[in-house]
Amino acid sequence: MTAMTPPTGRATASSIIQSRIRDIQEAARGVTKQYPRSYILQCIKEDRFPDELWRELGKFGLLGLSIPEEHGGSGGGVLEITALNEALALAGVPTLFLVVTGLARVPIVRHGTKEQIAKYVTPTCTGEKKMCFAITEPNAGTNSFAMTTLASPDADGGWTLNGQKVFISGARDADYMQVVARTTKAGDVKHRTDGMSLFVVDMKTPGIKLQQLNIQVETAERQYMVFFDNVKLPAEAVIGEPGKGAKLMFEGLNSERLLAAGAAIGLGDYALSKAVAYANERKPFGKPIGSYQALQHRMALAKAELEAARLMTYDAADRFDNGEDAGAHANMAKLLASRAAVAAIDATLQVHGGYGFDRDYDVVTLWPMTRLLEIAPINNEMLMNYIGEHVLGLPKSY
């Protein structure tokens, strides 16, 4: 019987993707060895941004991933920066700032002017400047189309921004904030996607106030309520055509789904590595508890689900980078990755028993961020609504 050979094109493409991922993750390991999990925990304790880690990522060109070389970046696409996010999480040093930076730069690179790219994007490739992202509002929540933050045109061609945003990661540490705002009120448009615009706001602009939220997530970045009170913006602060920002916004949000999926996969594998190590050495009845099927099967299933989510994530990222409509695949990737990560940390807690809740074992500290990924950057219920409606063709459910 002649052995079947896989299609050359598909096999070659898969091999190339895996090579790109390995290259990025090998480079990232050089940084995370210098700034390991203990470093991030110290930054969290001291309530400070991990500047040393961030500068080192910039020094090695890792912050420039997904940005073309002509704009000061390192090339590659969303696949590469997703691989970086996974590598950081796999080392126990996940950073939300890479997620918000990655998504905020997409619409600027794709639709901004050369001057806007040079001012807002290029400095983020070295770590010289940092950018966060603001879309969620206290009352609108997941229904971003119902946002009330409004940018009104000025007589001089600029804009005046008023409103508020919530759950904005890293607002204190950012130099720039990409803000999604209405330039036409929701009640005055024919279609809900009309009248939305993207702005880049200098955080030193008068009229911006931050209020730190008491969010119990073990990350170096804090979350904030952000208030805009008659914030004056120049004409060049708007990205693309005013009122047509919804499409640009979704391009960024699709990349955000993938970056979040990368973080989830990395965190899940990091947690499992702790579970496996503990299960091999813990012997309350004379043999390793890892030999108990009740625990072993739980860890094995979590690993299988993480690997399946990983395949979906990088397939979606490759589609995104090739200009395909990757919305469905990005949503499914984030859904699967976040669920797999939660299963992995849940298994890790169970393996550790009571010690899993001792902060010195650094297991329960992984739970809040991992569980958060089922809620943010968008909750999994909305992802399933999207899949039901736009993939399966079922009636709209909300």
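Okay, let's start with Asp269: buried or exposed? With a relative accessibility of 14%, Asp269 counts as buried, because the cut-off for buried is under 20%. Keep in mind as I go that this is a predicted model. Asp269 sits in helix H7, which covers residues 245–281. And what does Asp269 touch, if we skip residues up to four places away in sequence? Leu90, Lys303, Leu306 and Glu307.

While we're on H7, have a look at Leu248, which lies in that helix too. Leu248 has a relative accessible area of 7%, so that one is buried. Leaving out residues up to four places away in sequence, Leu248 touches Pro107, His111, Leu198, Ile239 and Gly240. Then there's Arg110: along the sequence, Leu248 and Arg110 are 138 residues apart, but their C-alpha atoms are 8.5 Å apart in space.

Let me zoom out for a moment. The protein has eleven helices and eight strands. Its C-alpha atoms fill a box of roughly 80 × 60 × 45 Å along the principal axes. For 398 residues, you'd expect a compact globule to have a radius of gyration near 21 Å, and the protein comes out at 22 Å, which agrees. Of those 398 residues, 54% are buried. Now take the contacts with a separation of 6 or more: 72% of them are between residues 24 or more positions apart.

On the outside, the protein exposes about 18,100 Å², with carbon and sulfur atoms supplying 53% of that. As for charges, there are 42 positive and 44 negative ones, and their mean positions are 3 Å apart.

Next up, helix H6, residues 114–121. Which residues of H6 are buried? They're Gln116, Ile117, Tyr120 and Val121. Look down the axis of H6 and those buried residues fall within an arc of 100°, so they line one face of the helix. A quick reminder here: an α-helix has 3.6 residues a turn, so residues three or four places apart point the same way. On the other side of H6, you'll find Lys114 and Glu115, which are exposed. And what covers the buried residues of H6? The cover includes helix H5 (96–111) and four strands: E1 (131–134), E4 (176–182), E5 (196–202) and E8 (238–239).

Over to the loops. Ser66 is in the loop between helix H3 (51–59) and helix H4 (78–90). Ser66 isn't a glycine, yet its phi is positive, near 80°. Asp362 also has a positive phi without being a glycine, near 55° in this case. Asp362 is in the loop between helix H9 (327–352) and H10, and at 8% relative accessibility it counts as buried.

That takes us to H10 itself, residues 367–372, where we find Trp367. At 28% relative accessibility, Trp367 counts as partly exposed. Beyond residues up to four places away in sequence, Trp367 touches Val342, Ile345 and Leu349. Compare its position with Ser15: those two are 352 residues apart along the chain, and their C-alpha atoms are separated by 33 Å.

One last stop. Where is Pro377? In the loop between H10 and helix H11 (380–391). The peptide bond leading into Pro377 from Ala376 is cis, with omega near 10°. That's my tour, thanks!

Definitions and conventions
Residues numbered from 1 in each chain as written. Predicted model: local features only at pLDDT ≥ 70, side-chain atom pairs only at ≥ 80, totals over all residues. Heavy atoms only, no water. Helix = DSSP H or I, 4+ residues; strand = E, 2+ residues; numbered from the N terminus. Buried < 20%, exposed > 50% of the residue type's maximum accessible area, 1.4 Å probe, protein only. Contact = heavy atoms within 4.5 Å. Rg over C-alpha atoms; globule rule 2.2 N^0.38 Å. Areas by Shrake-Rupley, 256 points an atom, 1.4 Å probe, with all protein chains shown as cover. Lys, Arg positive; Asp, Glu negative; His and termini not counted. Charge placed at Lys NZ, Arg CZ, Asp CG, Glu CD. Arc of directions from axis to C-beta.
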